[in-house]
Amino acid sequence: MKWSGRRQSDNVEDRRGFSGGKIVAGGGIIGLIILAINLFMGGDNTEILNDINSQLQQSSSQETVELTARDKEMGQFVATILADTEDVWSKIFKENGLTYKEPKLVLFRDAVQTACGGASSASGPFYCPTDQKVYMDLAFFDELQSRFGAKGGDFAIAYVIAHEVGHHVQTLLGTSDKVRSLQAKTNEKGANRLSVALELQADFYAGLWTRYNQEMNNILEEGDIEEAISAANAVGDDAIQKRSQGQVIPDSFTHGTSAQRVYWFKKGFESGDINQGDTFDEIK
């Protein structure tokens, strides 16, 4: 994608200059396996995070790490994409008579402490609604290619950032609170269906952001949309379950199938209309 020369956000907290240590084996590793399955977190993963928080505290140590030229370039790329989300969502909110509050984005290595608890890079990128920050270890994108079969590329990273910022939008609009309230009143199966709808809407918002950003900045190059679709396809619940446990259990889905994730990203991109993002309609 075309990104050089545009504004970079001041809302990036780059903690990659410090290593957060490793998670010790034992009880904490089970939590990490669960977190690895729950990629692109958003919603009620706080309990899982807190379960491994003590493991992080026991094993974390901060060591200074020098950023390479590639690290610095990636930091600039992330700051540019975050700035693009700020510009797009400020525009969309203004069009709807609202004011957008910008989130922070934290880059880290290995492990990180958040207002939602402790997490490691194994959790994948995630959004914490308590402190309204997106957290990501860029090493995840190597895993996305090598372990999950995604094409990779810079727009795959942009898609993930846009997805996590989509969870921030849901927090600002009150959608996340409503979902948590409904989840507390239903059974596990019902709570999972609500979680799926929340995640698919974040995919829709990522597609919507792509459409607006293309119109505003002409960012897309050949293959970019395919990179986003490949990433969305790789992290569907069915694909992850098939790869990790050899079977698919639909009632346990929390993020949606590969086909659903691709569908809602494409719908956001093709429609360019925030009012068409009601992913909850099909579970009413």
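Reader: Which residue forms a salt bridge with Lys189, and how far apart are the closest N and O atoms?
Author: This is a predicted model, where local features need pLDDT of at least 70, side-chain atom pairs count only at pLDDT 80 or more, and totals for chains, interfaces and linings use all residues. Residues are numbered from 1 along each chain as its sequence is written, and side-chain values use heavy atoms, with hydrogens and water left out. A salt bridge here means a side-chain nitrogen of Lys or Arg within 4 Å of a carboxyl oxygen of Asp or Glu. Lys189 pairs with Asp251, with the closest N and O atoms 4.0 Å apart.

Reader: How many residues apart in sequence are the parts that Lys189 and Asp251 tie together?
Author: Helices are DSSP runs of H or I with at least four residues, strands are E runs of at least two, and both are numbered from the N terminus. Lys189 sits in helix H8 (residues 188–217) and Asp251 in the loop between helix H10 (237–245) and helix H11 (258–271), so the parts they tie together are apart in sequence by 62 residues.

Reader: Is Asn11 buried or exposed?
Author: Buried means under 20% relative accessible area, exposed over 50%, and partly exposed in between (1.4 Å probe, protein chains only). Asn11 has a relative accessible area of 11%, so Asn11 is buried.

Reader: What salt bridge does Arg109 form?
Author: Both Arg109 and its partner are buried. The closest N and O atoms are 2.7 Å apart, and the partner is Asp71.
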